[in-house]
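Colleague: I would like to learn how the strand pairing in a sheet is read, one bridge at a time. Could you take me through it?

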Amino acid sequence: MTFVPITDEEINVDSPITQVLMTKYRDNINAIGLRGVAAPKILGVAYNRQVFTSSGTWTKPSNAATGDLVMVWGIGGGGSGAKDANGANAKGGYGGSGAIYRIEDIDTLAATLAVTIGSGASANAAGAGSAGGSTSIGSSGSPGYVVFNGGAGGNIFSGDITAVTYNMVSYSNHLSANATTSISNSGLSSEWGGGTGGNGGGAGFGGYSQNAGHGGKGNATGNGESGAFPGGGGGGVDTDGGGNGGAGGAGYMVVYSIKEG
């Protein structure tokens, strides 16, 4: 199927409607839909979607064509919350970074790409929390390689927790997830990354995430809440007794193949 240009003269208000003209209209619509020779490429719905909740392999669709976009949405694993020691305060773990990454032409990618899904950090029994694992696709130095970093573990700090305005940028590659909050003892919210877990103590609230997992709530006496899937940071525990810092949520990836001009 070949796309055929229609001249200005053919669509002039004084020009007749002919069978030739109507045939061009019909064939051009088909050519656009079928990606025919010389046809313009129109952005539409994704024709292929591959979802990863565990490590695996992305496979290029059999009907991929030159110029198709690839959009990679990834989230790193969330960090675990800290556990208070010696009267200090425990901070929640950070959510894994998240973004949407755009690859302009599917032809630049190999037939298959390895996908690694970052694990959320395990519940923390003492001291500072641990970092979550990174989520990635492809291999370093090769076309299509994208990494979404895991969130850092919560730390221990002295002094009272007061109402402070936080401003965090959690990002990987091109798109950032900006977040602010001004609630005492709360975690940090995020648009794309996993929410940060709340500080341990009386007002421990996990940060909200619009497109990923929320952060776990902090706890004054028991376990910090785990970060939600995908990529939420675990809540901290403000106690010298029982309870662990909350675990981080596991990472995630979705890869879309899209027709676009």
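Modeller: Begin with one residue pair: the bridge partner of Ala46 in strand E12 is Ile258, and Arg49 has Tyr256 as its bridge partner in E12. This is a predicted model, in which local features need pLDDT of at least 70 and side-chain atom pairs count only at pLDDT 80 or more, while totals for chains, interfaces and linings use all residues. Residues are numbered from 1 along each chain as its sequence is written, and side-chain values use heavy atoms, with hydrogens and water left out.

Colleague: How many bridges join E1 to E12?

Modeller: Strands of a sheet pair through backbone hydrogen bonds, either parallel or antiparallel. Here six bridges join E1 (residues 46-52) to E12, and the two run antiparallel; a strand is a DSSP run of E, at least two residues long, numbered from the N terminus, and two strands pair if DSSP finds at least two bridges between them.

Colleague: Which strand pairs with E12 over seven bridges?

Modeller: That is E3 (residues 69-75), also in the antiparallel sense, with Tyr252 in E12 as the bridge partner of Ile75.

Colleague: In what order do the four strands of the open sheet lie?

Modeller: The order is E1-E12-E3-E5, with antiparallel pairing. E1 and E5 (98-103) stand at the edges with a single partner strand each, so one side of each is left without a neighbour in the sheet.

Colleague: Is E12 mostly covered or mostly exposed?

Modeller: E12 (residues 252-258) is mostly covered, as six of its seven residues are buried, meaning under 20% relative accessible area (1.4 Å probe, protein chains only).

Notes. Buried means under 20% relative accessible area, exposed over 50%, partly exposed in between (1.4 Å probe, protein chains only).
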